[in-house]
Amino acid sequence: MGSETRYHHYILSACVLIGLALNARASDTETRDWQAFYGEQGLQFEVVRNGKPVGDYTTTFEQSGDQLIVETEMNLDITVLWLLHYRYQYRGREVWQEGSLQSVTSNISDNGKTTGLSLKRLGNELTGMGPTGPVTVPAGILPTHHYNAAVINHEAVLNTLTGKVNQVSIEPLSAEQVRTGERSRRAVRYRYTGELHDTDAWYDEQGRWVKLLFKGSDGSDIELVCQQCGGEESSTGSLSG
């Protein structure tokens, strides 16, 4: 790649990063029509473990009166060496009103072991029970459901698996071509470090979540590959950037 080509590539990447950051800040303070943003079908991902499909992940958005209901599901079904069978189910639910989080719940079945989280808003806090006992967190925190790109401007998130507040730093790495359905789109890769690490999330130029990569508890690579994530998609050939 020549110096002029590299220069234009860097300028384009910088513009993408700046535009995404502006969109993320806006979505953090305004009531967004998430159903219109992602489409009526919401978000649909295929879950891939070490290159092999093992499940699915979905997020749907429903407006009920003045409340927005966000529901997330993940189902995993993994067989290792034709002997060990592992099943995992996750159900998450958020209720928002006028841009403020009113409640968040999660129910987890980890190979038969069940845990959960149930928090409701009380003043400026969300309070209730988590997997290990009582939980109280600031009402302005974002849960780890990833669909809201505003999270890149936050230094703490609510871990809906543990009920704990994780201190994080979320830094942009690069602009890449990411597979979305049968095509691809340009997106920025962000890396989590701090108490929630080994996680990378990709957001496109409008702030739509289009990919996730993280380490499983056994060290395996778990990737969420977009099947449906809203917005215009452009056929650009290579997915490598």
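**Group meeting: a disulfide, two hairpins and a patch**

Okay, let's start at Cys229, which is buried, with a relative accessible area of 0%. Keep in mind that this is a predicted model.

So who is the partner of Cys229? A disulfide joins Cys229 to Cys226, with the sulfurs 2.1 Å apart. Cys226 is buried too, again at a relative accessible area of 0%. If you search the whole structure, you find one disulfide. And which hand does the disulfide have? The torsion about the S-S bond of Cys226 and Cys229 comes out at about -100°, so we call the disulfide left-handed.

Now the strands. S15 covers residues 221–228 and runs antiparallel to S14, with five bridges joining the two. One pair to look up on your screen is Phe214, which stands opposite Ile222 in S15. S14 and S15 make a hairpin with five residues between the strands, and Gly219 there takes a positive phi near 90°.

Let's step back one strand. S14, residues 209–215, also pairs antiparallel with S13, residues 199–204, through five bridges. Here you can find Ala201, whose bridge partner in S14 is Leu212. S13 and S14 form a hairpin as well, with four residues between them, and the turn has Gly207 at a positive phi of about 95°.

Last stop, the surface. Val80, Leu81, Trp82, Leu83 and Leu84 make a nonpolar patch of about 680 Å². Where does Leu84 sit in the fold? Leu84 belongs to strand S4, which covers residues 84–97. Is Leu84 buried or exposed? Its relative accessibility is 60%, and the cut-off for exposed is over 50%, so Leu84 counts as exposed.

Conventions. Residues numbered from 1 in each chain as written. Predicted model: local features only at pLDDT ≥ 70, side-chain atom pairs only at ≥ 80, totals over all residues. Heavy atoms only, no water. Disulfide = S-S within 2.5 Å. Buried < 20%, exposed > 50% of the residue type's maximum accessible area, 1.4 Å probe, protein only. Patch = residues over 30% accessible without salt bridge, like charges linked within 9 Å, V, L, I, M, F, W, Y side chains within 5 Å. Areas by Shrake-Rupley, 256 points an atom, 1.4 Å probe, with all protein chains shown as cover. Salt bridge = Lys/Arg side-chain N within 4 Å of Asp/Glu carboxyl O. Pairing = 2+ DSSP bridges.
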